[in-house]
Structures are given as structure tokens and as C-alpha cells.
Amino acid sequence: AEDSALTLSDLTLMDSGLYFCEITNDSFPGFSIFTHGIRLNVCQAVITEDTEWSGIVNLYADLFIPDTVTLTILPKTKVLFHDHIKIKVKGRILAQGTIEDSIWFEAGEEGINWAGIRFDTLNVEVKPSLFQYCVFQDGGPQIFKGRPPTIEGGAFSIRSSNQVRISNSTFQYNEATYGAAL
């Protein structure tokens, strides 16, 4: 018998969930196997082109922003991180709220911290990320199964980068051993 593989391509954060499958074989008519439920978790999503967010944005998997991409987050947007999800940035985020309409970054479930926004590469080709009138709440250490949690960076972890500007923003209820806010 030949081995076969199921390949899933072009998955997005919204594809995470519980799926039920039927497996059949054309060589054996009437043969089928039904699964009880397969949990599909998209581990990391990548934004591949300039993107704009508004309203409520739910993140169920880590998000990566490459150096050629800008993520723009409009005023009044609420970004909800489900589980210990992080945003890793090599590109640019423009999150420019207003005094009346802040942008919120917070945990999607009570009692579970999100793993922050991570900048870890200096790239002078990329214009600075800007965060104005934002609220960063419930950020915490990154947690990996089977390993101790990271001890640094609650809401933000900024390493080897001077391309981040934050102004008129609030940090509350974030936690980490070193740098609960930054």
C-alpha cells in the first residue's frame, strides 16, 4: 500500500478548531473511518502583505509580521489574545489610537496572560513601529509546553531594536520577572 499524507496549506488563525473527518479508500468500496474530532491548532500565522485591523480581532495562534509588511491597527480596535499568544515583529505596526478611542491589547480569557509583542531584530530598513493611545493589559511571560516560562517582557519584549515608539499609552496588570511592561 502506498503511504499518503494530508497537506493543509493556506491556513489562517480562523482555521483553528475542532474538525470531524471521514477517511475512505476507493480500492475498498464501503470502507470508511470516522474520527471523533481532530483539534487543529494553527501554531503561527504570517501576515504576508500590508494589513489593516479594526473592530475586535481575536488571535488564536502566534502571529509573525515579516520585515516587508506593515500592520495598521485603527482606533477603537480591541486585539484579544487567546492563550499564551504573541506577535513577533520584524516589520512594522502602526497602532495609533486617539485620546477618545484607544486601541486595546488584552487577554481573550480571564486568568490567562498573552505573551506580548516581541521585537528582536534591528533592521534600519524598516520604519519605526508606532503605538499611541494604546492600552496593554494582562501581558505575561511566554510559556512553552515542557519548559519554564520566559522571565522577561510582559506586554513588550524589545531586543536589538530601536525601531519602536510608544507614547500616551497605558500598561496595566502585566507581569514578568523582568520588565512586566517593557
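**Figure 1. Lys86 and Asp62, a buried charged pair.** In this predicted model, Lys86 and Asp62 are both buried. Their side chains meet in a salt bridge, with N and O 2.8 Å apart. The two partners come from distant parts of the chain, 24 residues apart: Lys86 sits in the loop between β10 (78-81) and β11 (87-89), while Asp62 belongs to strand β8. Look at the same two side chains as a polar contact, and the distance is again 2.8 Å. Strand β8 covers residues 62-65. Why does Asp62 count as buried? Its relative accessibility is 15%, and the cut-off for buried is under 20%. Side chains of opposite charge can pair when their charged atoms come close.

**Figure 2. Glu106 and Lys78, a salt bridge between two strands.** Here the closest N and O atoms of Glu106 and Lys78 are 3.6 Å apart. Glu106 is in strand β13 (residues 103-107) and Lys78 is in strand β10, so this salt bridge ties together parts that lie 28 residues apart in sequence. Are the two partners buried or partly exposed? Glu106 has a relative accessibility of 12% and counts as buried, whereas Lys78, with a relative accessible area of 32%, is partly exposed. With this pair in view, it helps to know that the salt bridges come to two in the count.

**Figure 3. Lys78 over the ring of Trp104.** Stay with Lys78 for a moment and turn to its charged end, which sits over the ring of Trp104. The distance from that charged end to the centre of the ring is 6.0 Å. Lys78 is also the residue that forms the salt bridge with Glu106.

**Figure 4. Phe81 and Trp114, a stacked pair of rings.** The count of aromatic pairs comes to ten. In the pair shown here, the ring centres of Phe81 and Trp114 are 4.1 Å apart and the planes meet at 15 degrees, so the pair is stacked. Phe81 lies in strand β10 and Trp114 in the loop between β13 and β14 (117-119), so the rings tie together parts that are 33 residues apart in sequence. Both Phe81 and Trp114 are buried.

**Figure 5. Phe105 and Phe131, an edge-to-face pair.** A pair of aromatic rings is described by the distance of the centres and the angle of the planes. For Phe105 and Phe131, the centres are 6.2 Å apart and the planes are at 65 degrees, so the pair is edge-to-face. Phe105 is in strand β13 and Phe131 in strand β15 (residues 129-132), which makes this a link between distant parts of the chain, 26 residues apart. Phe105 and Phe131 are both buried. Which residues join them in a cluster linked by ring pairs? Phe119, Phe136, Phe156 and Phe171 do.

**Figure 6. The whole chain, for orientation.** After the close-ups, a step back may be welcome. The chain has 19 strands and zero helices. Of its 182 residues, 36% count as buried. Among contacts between residues at least 6 apart in sequence, 62% join residues at least 24 apart. The chain exposes about 11,100 Å², and carbon and sulfur atoms supply 51% of that area.

Terms used. Residues are numbered from 1 along each chain as its sequence is written. This is a predicted model: local features need pLDDT of at least 70, side-chain atom pairs count only at pLDDT 80 or more; totals for chains, interfaces and linings use all residues. Side-chain values use heavy atoms; hydrogens and water are left out. Helices (H or I, at least four residues) and strands (E, at least two) are DSSP runs, numbered from the N terminus. Buried means under 20% relative accessible area, exposed over 50%, partly exposed in between (1.4 Å probe, protein chains only). A polar contact is a pair of N or O atoms within 3.5 Å; within protein, one must be able to donate a hydrogen and the other to accept it, and residues adjacent in sequence count only if both atoms are side-chain atoms. A salt bridge is a side-chain nitrogen of Lys or Arg within 4 Å of a carboxyl oxygen of Asp or Glu. Rings of Phe, Tyr and Trp (its six-membered ring) pair if their centres lie within 6.5 Å; planes under 30 degrees apart count as stacked, over 60 as edge-to-face and the rest as tilted. A charge sits over a ring if NZ of Lys or CZ of Arg is within 6 Å of the ring centre and within 35 degrees of the ring normal. Contact means heavy atoms within 4.5 Å. Accessible areas come from the Shrake-Rupley method with a 1.4 Å probe; for residues, only the protein chains shown count as cover.
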